[in-house]
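Subject: Handing over the three-chain model

Hi,

Here's the structure I promised to pass on. Have a look around first, then read my notes below.

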Amino acid sequence: MTFAACKSRFVRSIAAALLSSPLAVSAGVLPDDRADALFHRYEGGGVTIQGPSVLVRKKMAEKYAVSANYYQDMITSASIDVQVSGASEYKEERDQYSLGFEYLRGKTTYSLNYTNSAENDYDAETASFGISQDLFGDLTTISMGFSRGSDTVGNSTDPTFSQDIDRSSYRVGVSQILTKSLISSLNLEVITDEGFLNNPYRSYRFVNPADNRLFVLAQEIYPRTRTSNAVALNGRYFLPYRAAVYGGYRFFTDTWGIRADTFELGYVHPLKRQWTFETRIRYYQQNNADFYADIFMRQNQQNFLARDKELSTFDSIALRIGATYEFTPSNLRFVKKGSLNLFYDRIEFSYDDFRDARFSMLPSTDPNFRPAGTEPLYEFGANVIQAFVSIWF
Amino acid sequence: MSLGKWIRVAGLCGALAVSSLVGASTPMAPSFTLPSRGGDTVSLEQLKGKVVMLNFWASWCGPCRTEMPLLEQMHKRYSSLGFTLLGVNVEADTRDAERWLQETPVSFPVLFDRDSKVSKLYDVSAMPSTVFIDRKGNIRYLHKGYKPGDEGEYLNQIRALLKE
Amino acid sequence: MNKGIAVRLVFALALASSLSACGNIEPWVKPYERQQLADPIMVANPNPVSSAYMDHVYEAREGARGALGGGGGGCGCN
């Protein structure tokens with residue numbers, strides 16, 4: 001059986017991420033033409049995902065802009081969920097295409113975006129529309145956006161299986177210049193999902209009635225709707241010796257009972273004329289969804305049951321270091337400037353109510369064996385690398 | 001102050017009051033003196049009798065940078081006919097502007113308004129801002145911002161003002 | 001919960017747009033004073049490909065999602 005516990009989640013999350021993707025906000029001026037080629041690699045918790053992401057942006061007559069992005073994930077997964085289900089490591093590939101249009105008229109920018117993501121058992125489509133308006137001497141920018149998404153969930157072991165998800169997202173943001181050196185923004189977003197919100201491969205576990213040191217797996221049952229609200233406050237400050245410090249806080253709640261806080265603090269330091277260094281720290285914490293439990297006492301103990309660790313109580317801390325080198329190619333008249341970038345992030349996940357069930361899968365004579373429900377809490381670290389080239393033309 | 005001076009002041013105030021009631025469309029361009037990139041100082045008073053185009057710009061402003069080569073062409077073409085272009089750089093720290101001008105040189109005078117005195121005087125409310133001043137020293141046209149194609153309008157206005 | 005958030009969204013918008021309606025308050029940062037805000041290190045999202053990717057990395061592993069926008073600032077030209 002090809003196990004793809006995390007897979008559908010990735011697709012769903014990228015679809016959702018695109019729903020909530022930041023609007024390309026401009027202040028009476030469209031951003032410059034550019035092309036970026038990124039190589040990304042995530043490695044942690046038994047999962048390796050890598051691939052390219054390529055973006056091209058071009059504007060015309062300072063009024064219209066078009067952008068296109070191709071993104072790919074090549075996944076090799078032997079995550080804890082794969083191992084607990086008894087499946088073997090699987091490989092998967094996901095392709096995603098996006099197309100965007102912008103129209104600038106006076107101080108208003110209108111944008112349209114379409115994204116399509118496909119893999120062998122999951123398709124997602126998202127369309128979004130946004131408006132951003134500069135007011136008050138260009139000190140204030142208001143933006144609003146609306147997205148609709150439609151996913152088709154499949155199951156590679158059952159060709160007849162096909163379920164849908166509909167999602168909508170509404171977002172509003174205000175960006176305000178507070179002083180000559182300080183800008184802040186407030187963003188709100190409401191996202192609604194409706195449909196088959198499970199992962200068709202994922203299971204919850206309950207105590208084995210025949211032997212309470214062991215557990216039995218059964219397919220998760222999720223509610224058919226989810227509405228979430230997020231509000232975030234961010235700021236960026238220019239330090240007098242030419243550096244920038246930025247930070248933000250996001251508050252999140254949803255109808256599944258999850259409450260999450262995200263804190264971020266970063267520092268950008270340019271050196272000489274060509275180098276820029278960045279460091280950032282991010283702290284995230286959430287409490288579990290109402291219907292989540294690491295282990296249930298019996299099968300169908302409640303209406304909805306989940307064991308997705310992304311819905312558990314956990315926190316994560318991430319540290320980034322990054323370097324950018326800017327260059328001006330003299331032999332390529334087509335290219336105005338370019339940059340080489342390397343970012344490294346280290347993320348540590350620490351779960352408070354998700355246990356490492358592999359310990360109760362060991363033979364009971366093994367000294368490391370732990371009865372189900374008393375295994376050590378799971379934690380893991382991940383390395384994320386991004387290497388990319390950008391050119392402006 | 002002597003009586004004569006009082007009468008002149010009263011007369012001037014009266015004239016100002018009347019002109020402000022009658023014609024806000026052709027206000028006097030406020031005079032100023034600023035240091036130029038060449039090292040000397042330039043004052044607007046010296047240029048009475050010429051058509052003057054004041055362009056408020058900064059090296060960090062994209063549309064300003066796009067506009068500059070076109071302004072250079074205009075200055076070259078019409079400076080012998082009694083037209084002059086003054087580039088008023090509004091940056092407090094002029095190093096970036098100097099660096100940019102080395103890469104993209106211009107022949108018209110570039111003045112440094114480091115403490116924003118002239119920007120405030122002319123109530124600059126957009127970047128870039130272009131002010132056309134006629135031979136008599138009145139502000140005739142004001143352009144806020146720059147979009148490709150605006151230079152056509154500039155040329156028409158320069159020609160119209162030169163004919164006067 | 002939807003209605004409550006909708007009300008809050010509208011309120012936030014009204015508050016923001018009332019800033020412009022306030023004719024008595026002049027913009028306190030003039031267009032010619034935006035040198036620092038126009039600096040490339042003050043751009044909110046300088047590498048869209050990279051931030052879209054990182055947003056995805058986190059969203060795939062966390063319960064939270066949304067409110068990731070934030071632009072504005074810049075040179076304020078035109």
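Let's start in chain A, where A:Thr262 stands opposite A:Tyr284 in E15(A). Keep in mind that this is a predicted model: local features need pLDDT of at least 70, side-chain atom pairs count only at pLDDT 80 or more, and totals for chains, interfaces and linings use all residues. As for labels, residues are numbered from 1 along each chain as its sequence is written, while chains are lettered from A and ligands numbered from 1 in the order in which they are written.

Names like E15 come from DSSP runs, numbered from the N terminus: helices are H or I with at least four residues, and strands are E with at least two. Two strands pair if DSSP finds at least two bridges between them.

**Chain A**

What does the secondary structure of chain A come to? There are 2 helices and 18 strands. Along its principal axes, the C-alpha trace spans about 70 × 40 × 40 Å. The radius of gyration (taken over C-alpha atoms; the globule rule is 2.2 Å times the number of residues to the power 0.38) is 23 Å for chain A, which agrees with the value near 21 Å for a compact globule of 393 residues.

Back to the strand with A:Thr262. E14(A) and strand E15 (residues 275-286) of chain A are antiparallel, paired over 12 bridges. They form a hairpin with 3 residues between them, and A:Lys272 in that turn has a positive phi of about 55°. Strand E13 (residues 243-254) of chain A also pairs with E14(A), which covers residues 259-271, in the antiparallel sense, here over 10 bridges. In that pairing, A:Tyr249 stands opposite A:Phe263. E13(A) and E14(A) make a hairpin too, with 4 residues between them, and the turn holds A:Gly257, whose positive phi is about 90°.

Another spot to click on is A:Ala61, a residue other than glycine with a positive phi near 55°. You'll find A:Ala61 in the loop between strand E2 (47-60) and strand E3 (64-77) of chain A. Why point that out? Most residues other than glycine have a negative phi, and most peptide bonds are trans.

**Chain B**

Chain B has an open sheet of 5 strands in the order E5-E4-E3-E6-E7, with mixed pairing. Strand E5 (110-112) and strand E7 (139-144) of chain B are the edge strands, each pairing on one side only. On average, neighbouring strands of this sheet are turned by 20° against each other, direction ignored. Such angles run from 0 to 180 degrees between N-to-C directions, and axes are lines fitted to C-alpha atoms, for helices over the stretch in contact.

Strand E6 (residues 129-133) of chain B runs antiparallel to E7(B), joined by 5 bridges. Across this pair, B:Val131 stands opposite B:Leu142, and B:Thr130 has B:His143 as its bridge partner. Their hairpin has 5 residues between the strands, and B:Gly137 takes a positive phi near 95° there. Don't miss the cis peptide bond from B:Met127 to B:Pro128, with omega near -5°. B:Pro128 is in the loop between helix H4 (117-121) and E6 of chain B.

Now the helices. Helix H2 (residues 62-78) and helix H5 (residues 150-163) of chain B pack at an angle of about 25°, with axes 11 Å apart. That makes H2(B) and H5(B) roughly parallel to each other (under 35 degrees counts as roughly parallel, over 145 as roughly antiparallel, 65 to 115 as roughly perpendicular and the rest as oblique). Among the residues making the contact are B:Leu70 and B:Met74 of H2(B) and B:Ile158 and B:Leu162 of H5(B). "In contact" is used when the C-beta atoms of two residues, placed from the backbone, lie within 7 Å.

**Where the chains meet**

How many residues does each chain bring to the contact of chain C with chain A? Chain C gives 51 residues and chain A gives 76 residues. H1(C) brings the largest share of the chain C side, 10 residues. That side divides into 25 nonpolar, 18 polar and 8 charged residues. Here Ala, Val, Leu, Ile, Met, Phe, Trp, Tyr, Cys and Pro count as nonpolar, Asp, Glu, Lys and Arg as charged, and the others, Gly among them, as polar.

Chain B also touches chain C, with 18 residues in contact with 11 residues of chain C. The chain B side divides into 11 nonpolar, 5 polar and 2 charged.

Enjoy exploring!
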